[in-house]
Amino acid sequence: MQGRRTASAGFVRPAAPADLPAIRAIYEPEVLAGTATFEIEPPSVEELATRLAKVEAAGLPWLVAEAEGQVAGYAYAAMYRDRPAYRFTVEDSVYVAEAARGRGLGRALLLALIAGARAAGMRQMVAVIGDSANSGSVRLHRACGFRDVGTLVGVGHKFGRWLDTVLMQRAL
């Protein structure tokens, strides 16, 4: 996938290992202070490199969005589950730096991710949204064609409270 400029969001392109420090800088505050992810410890750049390699080895997209020459967001599709019957289903992850939100980066990333997963032969994309109060992510996914398929109540525990997970799905 070549990079492409979007009308308002900036430039979306495949991620490269050199982007990993910026990706970590976007993700770390979400881990330490947010509920969009249920990770408790931020992954190192080395761990992110392992994750990137796994996504790429599966032939799936990992993208970054640049705004004003800086990585301002990222998204990737990973296999939903390891069992063979799930081999055509992916789970998406989309994160945008706090200072860059509201400019269409998340939408540009998710739409490009959907196209990339489809091109890779995937059939379904699942969003596993941490915290049912994460209305921004729910709205983004709905705007990109996802439908609500359920809520897992109180399945995550972070910051001393129980959190739901919203499940959404989109055919590719």
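These legends accompany several close-up views of a predicted model. Local features are described only at pLDDT of at least 70 and side-chain atom pairs only at pLDDT 80 or more, while totals for chains, interfaces and linings use all residues. Residues are numbered from 1 along each chain as its sequence is written, and side-chain values use heavy atoms, with hydrogens and water left out.

**View 1. The hairpin of β3 and β4.**
Let us start with two strands, β3 (residues 62–67) and β4 (residues 70–79), which run antiparallel and are joined by six bridges. Helices (H or I, at least four residues) and strands (E, at least two) are DSSP runs, numbered from the N terminus. Two strands count as paired if DSSP finds at least two bridges between them. To find your place in the ladder, look for W62, whose bridge partner in β4 is Y76. The two strands form a hairpin with two residues between them, and E68 in the turn has a positive phi of about 55°.

**View 2. β4 beside β5.**
Strand β4 also pairs with β5 (residues 89–96), in the antiparallel sense and over seven bridges. Two pairs make handy landmarks here: A78 has E91 as its bridge partner in β5, and G73 stands opposite V96 in β5. How covered are these strands? In β4, seven of the ten residues are buried, and in β5 seven of the eight are. Buried means under 20% relative accessible area, exposed over 50%, and partly exposed in between (1.4 Å probe, protein chains only). As a reminder for reading any such view, side chains in a regular strand alternate between the two faces of the sheet.

**View 3. From β5 over α3 to β6.**
Follow the chain on from β5 and you meet a right-handed β-α-β unit made of β5, α3 and β6. Right-handed means that, with the strands pointing away from the viewer, the path from the first strand over the helix to the second runs clockwise. β5 and β6 (residues 124–130) run parallel and are joined by four bridges. E91 has V126 as its bridge partner in β6, and E91 is also the partner of A78 in the pairing of β5 with β4. The helix between them, α3 (residues 105–119), has 15 residues, and its end C-alpha atoms are 21 Å apart, in agreement with the expected span of 21 Å. That expected span is 1.5 Å times one less than the number of residues. Buried residues of α3 include L105, A108, L109, A112, L113 and G116. After the helix comes G121, with a positive phi near 90°.

**View 4. R13 and its acidic partners.**
Which residues are linked with R13 in a network of salt bridges? They are D19 and E66. A salt bridge here is a side-chain nitrogen of Lys or Arg within 4 Å of a carboxyl oxygen of Asp or Glu, and the structure holds eight of them. In the bridge between R13 and D19, the closest N and O atoms are 2.8 Å apart. R13 counts as buried at 17% relative accessibility, and D19 is buried too, at 7%.

**View 5. R51 with E39 and E47.**
R51 takes part in a salt bridge with E39, the closest N and O atoms being 3.0 Å apart. This pair links distant parts of the chain, twelve residues apart: R51 is in helix α2 (residues 45–57), while E39 is in the loop between α1 (20–33) and α2. R51 also meets E47 in a salt bridge of 2.9 Å, N to O. E47 and R51 both lie in α2, four residues apart, about one turn of the helix. An α-helix has 3.6 residues a turn, so residues three or four places apart point the same way. Are these side chains buried or partly exposed? R51 is partly exposed at 23% relative accessible area, E39 is partly exposed at 23%, and E47 is partly exposed at 32%.

**View 6. A nonpolar patch and strand β7.**
F38, L152 and V155 make a nonpolar surface patch of about 240 Å². Patches are made of residues with over 30% relative accessible area and no salt bridge: like charges are joined within 9 Å, and nonpolar side chains (Val, Leu, Ile, Met, Phe, Trp, Tyr) within 5 Å. Accessible areas come from the Shrake-Rupley method with a 1.4 Å probe, and for residues only the protein chains shown count as cover. L152 sits in strand β7 (residues 147–158) and is partly exposed at 39% relative accessibility. D148 lies in β7 as well.
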